[in-house]
Amino acid sequence: QVQLAESGGGLVQPGGSLRLSCAASGSIFSINAMGWYRQAPGKQRELVASITNGGTTTYLDSVKGRFTISRDNAKNTVYLQMNSLKPEDTAVYYCNGQVRRRDGVRLDYWGQGTQVTVSS
């Protein structure tokens, strides 16, 4: 099996910073794209940022210039550095990985989510 475990959420004041981490473990052969999604109360889940195993990144327009996604392929870990946080960034953040398992099966896996709250 494969597990994704997030860490790094919490409460921060507007203008502050947080760094989220997501480590994948288990029967992993390779991971293609990894990404961070978020879901605020009453809203649909949205893609915040993604990164391929080659390092190509994409960002939600509202976070460009404030958030940076990166990954360590050797550790099967993806990070999200969030700066200049705004109250509208408040949400549960989920990581996602497009995993090819050692048995050859390809599936999307999700973490359990970590709460980010931006409030004074």
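## A walk from Thr77 through the sheets

Apart from neighbours within four places in sequence, Thr77 is in contact with Cys22, Ala23, Ser70, Arg71 and Asp72, where contact means heavy atoms within 4.5 Å. The model is predicted, so local features need pLDDT of at least 70 and side-chain atom pairs count only at pLDDT 80 or more, whereas totals for chains, interfaces and linings use all residues. Residues are numbered from 1 along each chain as its sequence is written, and side-chain values use heavy atoms, with hydrogens and water left out.

Thr77 is part of strand 8. Strands (E, at least two residues) and helices (H or I, at least four residues) are DSSP runs, numbered from the N terminus. Thr77 counts as buried because its relative accessibility is 7%; buried means under 20% relative accessible area, exposed over 50%, and partly exposed in between, with a 1.4 Å probe and protein chains only. A polar atom of the Thr77 side chain lies 2.9 Å from the backbone oxygen of Lys75. A polar contact is a pair of N or O atoms within 3.5 Å; within protein, one must be able to donate a hydrogen and the other to accept it, and residues adjacent in sequence count only if both atoms are side-chain atoms.

Strand 8 belongs to an open sheet of 4 strands, ordered 1-3-8-7 and paired antiparallel. Strand 1 (2–7) and strand 7 (67–72) are the edges, and each has a single partner strand, so one side of each has no neighbour in the sheet. From one strand to the next, the twist averages 15 degrees; axes are lines fitted to C-alpha atoms, for helices over the stretch in contact, and angles run from 0 to 180 degrees between N-to-C directions. Two strands pair if DSSP finds at least two bridges between them. Strand 7 and strand 8 (residues 77–82) run antiparallel and are joined by 6 bridges, with Thr68 opposite Gln81 of strand 8.

At the other edge, strand 1 pairs with strand 3 in the antiparallel sense, also over 6 bridges. Glu6 has Cys22 of strand 3 as its bridge partner. In a regular strand the side chains alternate between the two faces of the sheet. Strand 1 has Val2, Leu4 and Glu6 on its covered face, and Gln3, Ala5 and Ser7 on the uncovered one.

Cys22 leads on to strand 9. A disulfide joins Cys22 to Cys95, with an S to S distance of 1.9 Å; the criterion is a pair of cysteine sulfur atoms within 2.5 Å. Cys22 is in strand 3 and Cys95 in strand 9, so the bond ties together parts that lie 73 residues apart in sequence. Both cysteines are buried. A search of the whole structure finds 1 disulfide.

Leu20, like Cys22, can be found in strand 3. Leu20 counts as buried because its relative accessibility is 0%. Leaving out residues up to four places away in sequence, the contacts of Leu20 include Trp36, Val78, Leu80, Met82 and Tyr93. These five residues also appear among those with the most contacts inside the largest nonpolar core, together with Phe67. That core has 29 residues; a nonpolar core is a set of buried Ala, Val, Leu, Ile, Met, Phe, Trp, Tyr and Cys residues joined through side-chain atoms within 4.5 Å. Two or more core residues come from each of strand 1, strand 3 (18–26), strand 4 (28–39), strand 5 (46–51), strand 7, strand 8, strand 9 (91–101) and strand 11 (114–118). With residues up to four places away again left out, Val78 touches Cys22 and Cys95, and its other contacts include Met34, Trp36, Ile51 and Ile69.

Ile51 gives a way into another set of paired strands. Its bridge partner is Thr57 in strand 6. Strand 5 and strand 6 (residues 57–59) run antiparallel over 3 bridges. Their hairpin has 5 residues between the strands, and Gly55 in the turn has a positive phi of about 100 degrees. Strand 5 is also antiparallel to strand 4, to which 5 bridges join it; Arg38 has Glu46 of strand 5 as its bridge partner. The hairpin of strand 4 and strand 5 has 6 residues between the strands, and Gly42 takes a positive phi near 80 degrees.

The chain passes from strand 6 to strand 7 through a loop that holds Arg66. Arg66 counts as buried because its relative accessibility is 11%. Beyond residues up to four places away in sequence, Arg66 touches Gln81, Met82, Asn83, Ser84, Leu85, Lys86 and Asp89.
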